[in-house]
Amino acid sequence: MSGTTTQGPQETRIFAPSAAFAAQAAVAGMDAYNALCAEAAADYEGFWARLAKEHLDWQTPFTRTLNEDNAPFYQWFEDGKLNVSYNCLDRNLQNGNADKTAIIFEADDGTATHVSYRQLHEKVCKFANGLKARGIKKGDRVIIYMSMSVEGVAAMQACARIGATHSVVFGGFSAKSLQERIIDAGAVAVITADEQLRGGKRLPLKAIVDEALGLGGCDSVKDVIVYRRTGGDIAFKAGRDLWLHELVDGQSADCEPEWVEAEHPLFILYTSGSTGTPKGVQHASGGYLLWAALTMKWSFDIKPSDVYWCTADIGWVTGHSYIAYGPTAVGATQVVFEGIPTYPHAGRFWETVAKHKVSIFYTAPTAIRSLIKASDVDPKVHPKNFDLSSLRLLGSVGEPINPEAWMWYYTQVGGEKCPIVDTFWQTETGGHMITPLPGATPMVPGSCTLPLPGIMTAIVDESGQDVPNGQGGILVVKRPWPSMIRTIWNNPERFKTSYFPEELGGKMYLAGDGAIRNKDTGYFTITGRIDDVLNVSGHRMGTMEIESALVANPLVAEAAVVGKPDDTTGESICAFVVLKQARPTGDEAKKLALELRNWVAKEIGPIAKPKEIRFGDNLPKTRSGKIMRRLLRVLAKGESITQDVSTLENPAILEQLKETS
C-alpha cells in the first residue's frame, strides 16, 4: 500500500485464559495451538484429510483431498460422498443425543419451545418428503424467505437432505431484492411464512413474496410454501401456494438422505449491500460442513452440557454456519431467538441468558454498543441485574469490536471470567478465520489475534508482497481452505476478479479488508474494508481506528466514519456520532463537535481529526443491526440517496443525519 499507515495507540491490556478454562479446553494452551499450526505447515493436505475423516461421516470416503488443477476453482474431498443433514441429525440419533434438546425456540413474546434432536429429525424428514412430493430434487434451487424459527432451520436442513441448493434471503429485504435473487438463482420454489413477529409487531412476508413474483421474470417458481406463523390474512394463489402444514401432513417421518458429492452446492447466499446484480456466494457441502463443525469445537470450545446462543439471523452466513449447521453437526443445545434485543425492554438478551442458563453467547458489536447505551439510560436493564452466572464464553461477530465495548462486554457481561472470541470471517470464508482460541490465546481488546490452524493469512501491499509487522496492508489468504467460496453463482469471471485478482498473482484470496499486525505479538487487527481506508494528505487510516477512538470517549455510544472528497487533503473525515445523552443542536452541537475532534487528535493524532461531525439519535442500520456505511458516504457528499432503503430499520434517521454541525 502506498502512503503512510497511521496506527492508533498500542493496546497494552492482555487477558490470558484462566488455568481452569485452559485445562478443559479443546485446544489447551498455546503449545497445542502451535502444534496444530505446525501440523498444517508440514503436511497441508494430510492435516485437512485427517480432520475431515475425524469430524464428518462419509457415505463414500474421499481419496483426493485437494484438487488445485483449475485454480482458483479449488475442490476439496471431490470423490467423497456425504449428506449434510445426515451429519447434523441422524448422527445425533445414533450417538445418544436423540432426546437431547436441539433447539430452544425463544419466541418474540417470550414463549419458549424445546425441540429434541429426534423431533427435529422427524420435522426435517417430513418437510423433505413434502418437497420431493412437489417434484423438488437434487440440484434444484429453493429460496427461503423466513424469519427466525424452528421451521426456518428445518427448511434449510430439508433442502440439504434431498440435495436441493437453498438460498436464504433475509426477511427484511424488499420485494425487488427478493425478485433479483429468485431470478439469479433460477429458484423452483419459495418457502416463506404468512408474517413475521419482531418487537411485538407483525410484519409481512408472504405479501412481499407475492409482490416479488409479480414483478416478473420469476417463471421458474412453481411452488410457494407458507408456514402459518401468525394466522394473518394473506392472499393465496391456487395451484402455486401451499400451506406448510398441508405439505407435511401424512408424509413419512423417515427420509433417506440424498448422498451428494462433497463439492455439491449446499447453498447460495447473496452478499448484502452489493452493487449491480446480486453476488451469489456458492458454498460446497463437505468442506463447508467440516469447518462449521470444527470451529464450533475450536472457537466455541463446545461441550455436551453447553447451552449455546448465537443471536444472528438465518438470513446471514452467521445464521447458516453457527445456527443451522455448526451447532447441529456437533450435537449442541442452542437457543433460536425470534425477537429483538430491546423488546419488551433492553434487558431482553440478559433475561434470556438467565432464563435458559446460556453458557456460550455470540453477538455483534453493534448490539453490544446499543445495550451499553440502553443500560446508561435505564440502569434497570444493566447486565448486573440479571443472573449471568451460567456464562462461560462470549463471542463477537460481524465487524471489529472497539476496545471499550470489548472491555464492557468482558467486565459487565462476562464478569471478567469469560474469554471473548473476537471472530473475523466473511460470507465467503464459510467460518471463522482469525480468532482467539478461548483456552489458548491471550486476548487483546479490539484484536482478532491469530489465524486458526490451517488458515494461511498474510498482510501484503498492492503488488502482493508481504509487509512487515506494524505496517498496514491488505489481508489475504495464501492457501485454499475447505470452507472457502467455490464461485459466484453463474459468474465465474466475477469470482476471479473479486477474490483472486491478477495483480496479486491470481492465487491469493483477497479478503477485501485492510489489516495490521502488532510488531511484538503478531496479532492481527482489522482496520476496515479496503474502501474504508481513508487517505488524508497521504496518511492512510482505517475508519475502524477512528470509530474506536470516538467510542472510547465517555459521551459517545456509537460512531461511524466515512471519507468525503476534499480539495485540499484529497479526502477528509466525516463522523456520524450517537451520544449517550440527547442529540445536541446549535451551539451545543458545535461545542461537542470541537471537543470530540480534539479527543480524536489526542487518541490518534491531529491528522485523524474529523473535519465534520454530525450527531444523530441513531445510525442507519439494517434490521440485522448492520450500519449502512454506503448511505453515510452519500450523505457526507451532500448527494441525494437513490438506493433502495427498504432494508433499513430506521429510514427516517437519514433526514436527521443530513444536518452538519
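Let's start with a helix: Glu493 and Lys496 both belong to helix α15 (residues 492–499), sitting 3 residues apart, or about one turn of the helix. Their side chains meet in a salt bridge, with N to O at 3.3 Å. Keep in mind as you look around that this is a predicted model. Across the structure there are 43 salt bridges and 40 aromatic pairs, and here is a tour of some of them, plus a few residues worth finding on screen.

**Charged pairs**

- Side chains of opposite charge can pair when their charged atoms come close.
- Back in helix α15, Lys496 has a relative accessibility of 29%, so it counts as partly exposed.
- Lys602 and Glu603 make another salt bridge, and their closest N and O atoms are 3.6 Å apart.
- Is Lys602 buried or exposed? With a relative accessible area of 58%, Lys602 is exposed, because the cut-off for that word is over 50%.
- Its partner Glu603 comes out at 24%, so Glu603 is called partly exposed.
- Glu612 and Arg614 also join up through their side chains, this time at 2.5 Å from N to O.
- For that pair the setting is buried, and this goes for both Glu612 and Arg614.
- Salt bridges can share partners too: Arg369, Glu399, Glu547, Glu558, Lys621 and Arg629 are joined into one network that way.

**Aromatic rings**

- A pair of aromatic rings is described by the distance of the centres and the angle of the planes.
- Among the 40 aromatic pairs is Phe349 with Phe361: the ring centres are 5.6 Å apart and the planes stand at 75 degrees, so this pair is edge-to-face.
- Which parts of the chain does that pair tie together? Phe349 is in helix α12 (residues 348–356) and Phe361 is in strand β19 (residues 360–363), so the pair links parts that are 12 residues apart in sequence.
- Both of these rings, Phe349 and Phe361, belong to buried residues.
- Phe500 and Tyr509 are edge-to-face as well, because their planes are at 65 degrees, with ring centres 6.0 Å apart.
- Phe500 is buried, and Tyr509 is buried too.
- For a bigger group, look for the cluster that ring pairs build from Tyr44, Phe47, Trp48, Trp58, Phe62, Trp76, Phe77, Trp291 and Trp298.

**Charges over rings**

- Arg181 lies over the face of Phe173, 4.7 Å from the ring centre.
- Arg228 does something similar with Trp243: its charged end sits over the ring, 4.2 Å from the centre.

**Ser447, tucked into a loop**

- You'll find Ser447 in the loop between β21 (420–422) and β22 (457–460).
- Its relative accessible area is 4%, so Ser447 is buried.
- What does the side chain of Ser447 have at 3.0 Å from one of its polar atoms? That would be the backbone nitrogen of Thr449.
- The backbone oxygen of Phe524 lies 2.7 Å from a polar atom of the Ser447 side chain.
- Leaving out residues up to four places away in sequence, Ser447 touches Asp422, Tyr523, Phe524 and Thr525.

**Glu502, out in the open**

- Glu502 is also a loop residue, found between α15 and β25 (509–517).
- With 65% relative accessibility, Glu502 counts as exposed.
- Try spotting Glu502 and Ser389 together: they are 113 residues apart along the chain, and their C-alpha atoms are separated by 51 Å.

**What the UniProt record adds**

- An unreviewed UniProt entry lists residues 545–626 as "domain: AMP-binding enzyme C-terminal".
- That span is 30% helix and 30% strand, and its end C-alpha atoms lie 18 Å apart.
- The unreviewed entry in UniProt also has a "binding site" annotation that covers Val551 and Val556.
- Val551 is part of helix α16 (residues 543–551), and at 11% relative accessibility Val551 counts as buried.
- Beyond residues up to four places away in sequence, Val551 touches Arg369, Asn402, Val556, Ala557, Glu558 and Ala559.
- Val556 is placed in strand β29 (residues 556–566), and its 1% relative accessibility means that Val556 counts as buried.
- Setting aside neighbours within four places in sequence, the contacts of Val556 include Leu550, Val551, Val577 and Leu596.

Notes
Residues numbered from 1 in each chain as written. Predicted model: local features only at pLDDT ≥ 70, side-chain atom pairs only at ≥ 80, totals over all residues. Heavy atoms only, no water. Salt bridge = Lys/Arg side-chain N within 4 Å of Asp/Glu carboxyl O. Helix = DSSP H or I, 4+ residues; strand = E, 2+ residues; numbered from the N terminus. Buried < 20%, exposed > 50% of the residue type's maximum accessible area, 1.4 Å probe, protein only. Phe/Tyr/Trp six-rings, centres within 6.5 Å; stacked < 30°, edge-to-face > 60°. Lys NZ or Arg CZ within 6 Å of the ring centre and 35° of its normal. UniProt positions renumbered as here; feature names shortened; annotations may be inferred. Polar contact = N/O pair within 3.5 Å; in protein donor to acceptor, adjacent residues only side chain to side chain. Contact = heavy atoms within 4.5 Å.
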